[in-house]
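Please look over the protein model shown below. The report that follows takes up its annotated site, some of its helices and a few backbone details.

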Amino acid sequence: EHLLARIERHDGALNSFITVTAEQALAAADAADAARARGEAGPLPGLPLALKDIFCTRGVKTSCGSRMLDNFTAPYDAGVVEKLADAGTVSLGKTNMDEFAMGSSNENSFFGPVKNPWDLGAVPGGSSGGSAAAVAAGLVPAALGTDTGGSIRQPAAFCGITGLKPTYGRVSRYGMIAYASSLDQAGPMARSAADCAHLLGVLAGHDLRDSTSVARGVPDYAADLDAPLSGLKIGLPREYFGDGLSPEVEGAVREAVKVYESLGASVREVSLPHTHYAIPAYYVIAPAEASSNLSRYDGVRFGHRCEDPADLMDLYKRTRAEGFGEEVKRRILIGTHTLSEGFFDAYYKKAQKVRRLIRQDFLDAFDEVDVLMGPASPTPAFDLGAKKDPVSMYLQDIYTIAINLAGIPGISVPAGFANGRPVGLQILGTHFAEARLLNVAHQFQ
Ligand code: GLN
């Protein structure tokens, strides 16, 4: 009730929620209390949280930030939504996001931009900007996000919270609306690494309904949070401290690294030589997968349908023209082009080869060091409306996108401020090294 009142009072200014499910939340809270009284409570009984509006929730609107799904009520719960409910958590609602998770500022939402709680003139980051802003403003202690190229880590950095993108396959994608299926991964956003550890323990695990989810035991992510860091080998990728990095962000990140040295870690420079190919490769692969995934929004099966179509082609064309926003259309066009005959080998296949090289860069680095550290984003949160050119927006993701191409986990933790706005320190580990990342992040906090 306290948090619902806070949402009522503050979310008019922030716009972090698309749907608030007050009645369901109060009923779920009562159910959690009753389960606790019976001694049958799950691991997180009564924990209030929010879900990015990309996760299907039975009986509740699931819009994915799009006009296309503004009228869509999901008939089932996503795998992670089920798991969170079984753990006893209470969802307060669905958070705002860039349309179909395409964006880095939350300005691409059909439901309007989200404001950064630290400065209402700044963006909260994207695409999980609603989740990040809601946690930062104390409307919920935790939220669920998704990360295809940085959408958990960059908004976490911009809003001064902690956000973890797990290894690809660690968390089920069942019922999570697909953007780029080979890159999409859900993860926790919260105030601390310890909170993320407790949430990941609930979220992780095999799901037969997602063939890319990995059948591998789920460790107790909270067990080693306090393990000492003496002997930890930290690598600083040379390519993450070059041109385009704001000096204030660099200063905050280097200060954070010094804290780790004082905790007994050793630091050395490493190289990820294919870093500059990450954005071009991503903006071939992600739009290609998106153009295929978004072909299902045709006005026939579900979602928006245009008025009075003259014939089938008219129905498709007008439905998609009306239902999708500008950025989504741009990506469908790019993806359709790069997948078309004659261009497939030149673009899509080439990008897949580059992806392999990028992955190998990380594996080589992890032969030498335990974790990599660098900035989550080249600048702190920018002003609303400041980036009109799509390419300048795409360049925002320079330090986050390669991680998704490689499938490895990454976490952003608050590391001070630059020009009064939060800075995120990004920590990367090899596949399935989440427990180590959480331990390293926790020691800083
Ligand atoms: N900003 C990137 C994009 O627009 C990444 C988004 C994401 O991780 N969902 O595609």
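Is Ser 151 buried or exposed? Ser 151 is buried, because 36 other C-beta atoms lie within 10 Å, where a residue counts as buried if 20 or more other C-beta atoms lie within 10 Å of its own, exposed if 12 or fewer, and partly exposed in between, with C-beta atoms placed from the backbone.

This is a predicted model, in which local features need pLDDT of at least 70 and side-chain atom pairs count only at pLDDT 80 or more, while totals for chains, interfaces and linings use all residues. Residues are numbered from 1 along each chain as its sequence is written. The protein chain averages a pLDDT (the predictor's confidence in each residue, from 0 to 100) of 97, and 100% of the residues score at least 70. Confidence in the protein chain is lowest in helix H12 (residues 390-394), with a mean of 93, and highest in helix H4 (residues 129-136), with 99; helices (H or I, at least four residues) and strands (E, at least two) are DSSP runs, numbered from the N terminus. For the complex, the predictor gives an ipTM of 0.98 and a pTM of 0.98.

**The annotated site**

Under "active site", an unreviewed UniProt entry lists Lys 52, Ser 127 and Ser 151. These residues are spread over 100 residues of sequence, yet they cluster in space, with a largest C-alpha distance of 11.0 Å. UniProt positions are given in the numbering used here, feature names are shortened, and annotations may be inferred rather than shown by experiment.

Lys 52 lies in strand S2 (residues 48-52) and counts as buried because it has 31 C-beta neighbours inside 10 Å. Leaving aside neighbours within four places in sequence, the contacts of Lys 52 include Thr 95, Ser 128, Gly 145 and Thr 146, a contact being a pair of residues whose C-beta atoms, placed from the backbone, lie within 7 Å. Ser 151 sits in the loop between strand S4 (142-147) and helix H5 (153-159), and, not counting residues up to four places away in sequence, it touches Ala 101, Gly 126, Ser 127, Ser 128, Gly 145 and Thr 146. Ser 127 belongs to the loop between strand S3 (90-95) and H4, and the peptide bond that leads from Gly 126 to Ser 127 is cis, with omega near 10°.

**Positive phi angles**

Two residues that are not glycines have a positive phi, as the table sets out.

| Residue | Phi | Location | Other C-beta atoms within 10 Å |
|---|---|---|---|
| Phe 100 | about 50° | loop between S3 and H4 | 29, buried |
| Phe 432 | about 65° | loop between strand S11 (421-428) and helix H14 (434-444) | 17, partly exposed |

**Helix packing**

Helix H11 (residues 344-368) has 25 residues and reaches 36 Å from its first C-alpha to its last, close to the 36 Å expected at 1.5 Å a residue, the expected span being 1.5 Å times one less than the number of residues. Among the buried residues of H11 are Tyr 347, Arg 355, Asp 361 and Phe 366, and the buried residues of this helix pack against helix H8 (278-293), helix H10 (326-339) and helix H13 (401-406).

The axes of H8 and H10 come within 7 Å and cross at roughly 95°, where axes are lines fitted to C-alpha atoms, for helices over the stretch in contact, and angles run from 0 to 180 degrees between N-to-C directions. H8 is therefore roughly perpendicular to H10, since angles of 65 to 115 degrees count as roughly perpendicular, under 35 as roughly parallel, over 145 as roughly antiparallel and the rest as oblique. Residues making this contact include Val 284 and Pro 287 of H8 and Ile 332 and Leu 339 of H10.

Note on methods. Contact = placed C-beta atoms within 7 Å.
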